[in-house]
Amino acid sequence: MLRKSKRLWGDQAALKSSYDAVIIGGGLHGLAAAYFLARDHGIKNVAVIEKRFLGFGGSGRNTAIVRANQRTQQNVPLYKEALELWPILTKELDYNLMFFNCGNLNLMHSEAAMNTARMNVATAQFHGVESHLIDAKQCKELVPALNISKDITYPIFGAMYHPPGGILRHDAIVWGLAKGAAKHGVHLHQQTEVTGIGVENGKIVSVETDKGRIKTPRVLNAAGGYSAALSYQMLGIKLPISVLTIQAMVTQPLKPILDHVVSSGTYHAYANQTLKGEIATGAHMDAWPNYTTQTTAYYIKHQAEALSEMLPCLRGVKFMRHWGGLADMTPDMAPIMDGNNLIEGYYMDCGWGYFGFKSCAATGKYMAQFISSGNCPEMLKPFNLSRFEQNRLMGETAALVNYTPDN
Amino acid sequence: MALTLTCPVCGKRNGYEFRYGGEEKGPRPDEADLTPQAWCEYVHMNKCVAGIQKEWWCHKDGCGVWFTTHRNTTCNLEVDTPEAQS
C-alpha cells in the first residue's frame with residue numbers, strides 16, 4: 001500500500017478475550033450504539049464485530065434519505081430526534097456528514113391518499129415536526145420538473161411536504177461514527193464473523209467468533225438484514241421478520257434539476273439528486289425473501305417507467321449503477337427494539353426494514369441507555385417484541401396489515 | 001432478482017408470476033386451547049433461513065394453484081432434492 005494516510009478509526013486492535021459489551025454488526029446502528037455507550041455511559045470496553053467491512057450492508061446501500069414524517073405517534077419522535085442530531089453530530093464527530101435538508105415531497109395520487117396525508121401531517125404537527133399538505137399546483141412550484149398533468153398512469157393530486165427532511169451522505173455517517181467510537185476506545189473488528197452466542201442459566205456469557213471466544217455479559221444484535229437469521233440460529237429466538245432485497249440505482253450526472261426528495265408510494269419510486277448531480281432512485285422491494293443482493297432488469301424498467309412519468313425531463317437519461325441491499329421487514333413496518341428479558345444481557349435492534357438509515361443516530365443513543373442500565377427507555381418501549389403476541393401492531397402502513405412479506 | 005419456479009401445473013415459469021406465501025410452518029394450529037403465543041408463532045414468526053427452506057407459493061398470474069417448494073435463499077435457486085444438499 002502506497003497510501004500514507006491512516007484509517008479514520010486507527011489500526012484494528014487485537015481481539016481481546018473479554019469485553020463489557022459486544023455489538024454484532026458494524027453498520028450504522030451498531031456503530032451508533034457503540035459511540036453513545038462509550039461517550040455517554042462510560043462503557044468504553046466495547047467491541048463491534050463486523051463480518052465484512054464497516055458499512056457493507058444497508059448502511060452503504062440506502063438512498064441516503066432522512067425524514068421524520070412517519071405515521072404513528074410512537075415513531076415520529078424518534079425520527080425527529082434523529083433529524084435534529086445530524087447537525088450536532090457533524091460538529092461532535094468533526095466530520096462533514098453532508099446533511100442537506102432540502103425537504104421531502106411525498107406525492108399523493110388519489111383523494112384517499114390525500115386523506116391519509118392529512119392525518120400524517122396532523123401527527124407531525126402534533127409532535128412539532130414541520131409538515132404541510134400541498135396541492136398539485138404547489139408541488140409544481142416547488143419542483144418545476146414534476147409532471148402534474150392528468151394523462152399519466154397515476155396523476156398527482158398533491159403532496160405531503162416535509163421541509164426539515166433531506167439527504168445525508170451515508171458513507172460519511174458510517175465513517176464519522178466509526179471515528180467517534182474508536183476515539184472513545186471502542187474496538188472495531190472487521191472481517192470477524194460471529195459464529196455463536198454463549199448463554200448459561202439464562203444469561204449471556206460469551207460470543208464465539210472465527211477469531212476466538214469473547215467473554216461478555218452484554219450482546220447487541222444489530223446485524224440488520226442478517227439479524228433474524230442470527231437470532232434464530234444462535235439463540236433459537238424467532239422474529240416476525242422477512243428479509244427482502246430492495247434495489248436502487250443512479251443515473252448519469254445531470255445539471256441541478258431536483259432540489260427536493262420526491263417520493264411516491266403509488267409509483268413505488270423515490271428520487272433525489274445527489275451533490276454529484278446523479279439522480280439516485282430506489283424501488284419497491286422484491287417480493288420474496290432472500291439473502292442475495294442481486295439486481296434485475298425488471299426494476300430498471302420499473303424505475304424508468306415511474307420516473308419518466310413523474311419527471312418527464314428524465315426520459316432518455318441513462319442509469320449508471322444499480323445495486324441491491326437487504327431490508328428486514330416486520331408485519332407493521334416498525335422496528336423491534338427489546339432486550340434483557342428473554343435472555344439476560346441480550347439486546348436486539350432489528351426489523352428496521354428500510355427505515356434503519358434515517359433512525360440510526362437517535363436509536364443508537366437510546367439503545368446505549370438501554371444496554372448500560374438494563375432498563376428500556378420510555379422512547380423504545382412501544383417497539384417491544386411482545387406487541388405481536390398481544391396483536392398490538394403499529395399502524396405504520398395506512399392500509400390494513402396483510403400477511404405478505406413485503407408490507 | 002431473477003427467479004424461476006416450477007409450478008406443479010404449468011411447469012417452469014418466471015418468478016414474478018408468483019406470490020410468495022411464507023415459510024412452511026406445518027398445519028394451522030387447532031383453535032381449541034390456542035394461546036396468543038402459539039398463534040403469533042404460526043402467523044408472524046419466521047426462521048429466515050440463510051440456506052434451503054421449504055416455502056409456499058401461489059401461481060397468481062397463472063393457474064392459481066398453491067404449492068410448496070424448496071429454495072436456497074442465499075442464491076435464489078429452486079432445489080429439487082433438499083435432503084441431499086442441506
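Of the 407 residues that make up chain A, 52% are buried, a label given when 20 or more other C-beta atoms, placed from the backbone, lie within 10 Å of a residue's own (12 or fewer makes it exposed, and in between it is partly exposed). The structure is a predicted model, so local features need pLDDT of at least 70 and side-chain atom pairs count only at pLDDT 80 or more, while totals for chains, interfaces and linings use all residues. Residues are numbered from 1 along each chain as its sequence is written, with chains lettered from A and ligands numbered from 1 in the order in which they are written.

Chain A holds eight helices and 19 strands; these are DSSP runs numbered from the N terminus, with H or I over at least four residues for a helix and E over at least two for a strand. Its radius of gyration comes out at 21 Å, close to the 22 Å from the globule rule for 407 residues, so chain A is as compact as a globular protein of that length. That radius is taken over C-alpha atoms, and the rule is 2.2 Å times the number of residues to the power 0.38. Along the principal axes, the C-alpha atoms of chain A fill a box of roughly 65 × 60 × 40 Å. Take the contacts in chain A between residues at least 6 apart in sequence: 76% of them link residues at least 24 apart. A contact here has two C-beta atoms, placed from the backbone, within 7 Å.

Now for a sheet in chain A. Three strands form an open, antiparallel sheet in the order β9-β10-β11, where pairing takes at least two DSSP bridges between two strands. At its edges sit β9 (194-200) and β11 (212-215) of chain A, each paired on one side only. Six bridges tie β9(A) to β10 (203-209) of chain A, and Val194(A) faces Thr209(A) in β10(A).

Chain B has antiparallel pairs too. Its strand β3 (residues 19-23) meets β4 (residues 52-58) through three bridges, with Tyr20(B) partnered by Trp57(B) in β4(B). β4(B) also pairs with β5 (residues 66-72) of chain B, over seven bridges, and there Trp56(B) is matched with Thr68(B).

Finally, the two chains touch. Chain B brings 21 residues to the contact and chain A brings 27. On the chain B side, helix α1 (residues 36-43) gives the most, with four residues. By class, that side has 13 nonpolar, seven polar and one charged residues, where nonpolar covers Ala, Val, Leu, Ile, Met, Phe, Trp, Tyr, Cys and Pro, charged covers Asp, Glu, Lys and Arg, and polar covers the others, Gly among them.
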